Amino acid sequence: MILVFLGPPGSGKGTQAKVLSEKRKLPHISLGDILRHEVRQESEIGLRAKEFINAGKLVPDELTIELTKKRISQADCSHGFILDGFPRSAAQAEALDKMFVDMGLTLDSVIYFAVNEDAVVERLTGRRSCKKCGAVYHIKFKLPKADDVCDVCGGELYQRKDDQEDAIRTRFEVYAQQTKPLIERYQAAGKLAQIDANGAIDEVLNRLLSVIGHGKD
Ligand code: AP5
């Protein structure tokens, strides 16, 4: 099964992708996570991407297209994957169509996480991420067992620079201008499935499963 998760910042794409990936044994490919990894490694890509990420702007298409192509070509993606945060622009959507044709793959569905954008600011400002493994928590909705310590690896939790107010505002603007128009594109292609992404994490998960099928967990 090949799924694309689309939605505004904080709509819960990453949280749901992680759970679904474990349930269905599908790789979760998060462009945000891949880029932050490159930044931590101080690779050439990471050094180019860092300022864009911290400011809440899109990293140049040529970088994200190349990273996506490389990742979905890996062996663990041969039975499907969940693409979280790609595509985010018309150029990326076109590039993805081409990758699918070249690799003989078929996109099953684009899940659009529809959410009340005012309400998700609280999700973003309260998010804490693990410095070491990238696991995601929330100071109100998803607490770690010990303050500021990751349950998974014991790493230190921190607040992403782009989860501060100015960058959040920019991310919403970028989403409205460049990513939101993709909803129409995938609707016209008959690939779009919309879910209500408001409410608790489990409620959203149930809606997601009722759209893609409960399958065998
Ligand atoms: P990325 O990390 O992908 O950021 P984003 O798309 O803005 O998405 P978020 O991670 O903010 O939100 P999410 O929907 O995944 O929410 P989450 O589940 O974490 O990208 C970061 C940056 O990288 C971009 O700004 C850009 O610079 C660059 N980039 C990435 N992809 C790119 C591309 N294709 N092209 C160019 N540049 C690219 O949830 C958020 C919080 O809410 C968490 O704390 C979670 O615990 C909590 N939460 C989740 N669901 C619920 C719920 N139902 N109720 C209560 N709390 C919840």
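**Helix packing and nonpolar cores**

In this predicted model, helix 6 (residues 117-125) packs with helix 7 (residues 165-179) at an angle of about 135°, and their axes lie 11 Å apart. Angles over 145 degrees would count as roughly antiparallel and those from 65 to 115 as roughly perpendicular; helix 6 and helix 7 are therefore oblique to each other. The crossing that helix 6 makes with helix 7 is right-handed.

A look at the side of each helix that takes part helps to fill in the picture. Helix 6 brings Glu117, Val120, Val121, Leu124 and Thr125 to the contact, where they meet Ile168, Arg171, Phe172 and Tyr175 of helix 7. Sorted by character, the residues of this contact comprise six nonpolar, one polar and two charged.

Attention now turns to the nonpolar cores. The largest of them has 31 residues, and Ile29, Phe81 and Leu96 are those with the most contacts inside it. At least two residues of this core come from each of several elements, including strand 1 (2-6), helix 2 (31-41), strand 3 (81-84) and helix 8 (182-188). Helix 5 gives the most, with five residues.

Phe81 offers a good view of these surroundings. Leaving aside residues up to four places away in sequence, Phe81 touches Met1, Ile2 and Leu3, as well as Leu26, Pro27, Ile29, Ile72, Phe100 and Leu105. One of these partners, Leu26, belongs to a second, separate core of 21 residues, which also includes Phe113, Ile195 and Leu209.

Technical notes
Residues numbered from 1 in each chain as written. Predicted model: local features only at pLDDT ≥ 70, side-chain atom pairs only at ≥ 80, totals over all residues. Heavy atoms only, no water. Core = buried A, V, L, I, M, F, W, Y, C linked by side-chain atoms within 4.5 Å. Buried < 20%, exposed > 50% of the residue type's maximum accessible area, 1.4 Å probe, protein only. Helix = DSSP H or I, 4+ residues; strand = E, 2+ residues; numbered from the N terminus. Contact = heavy atoms within 4.5 Å. Axes fitted to C-alpha atoms, helices over the stretch in contact; angles between N-to-C directions. Parallel < 35°, antiparallel > 145°, perpendicular 65-115°, else oblique. Left-handed = near helix turned anticlockwise from the far one by under 90°. Nonpolar A, V, L, I, M, F, W, Y, C, P; charged D, E, K, R; others polar.
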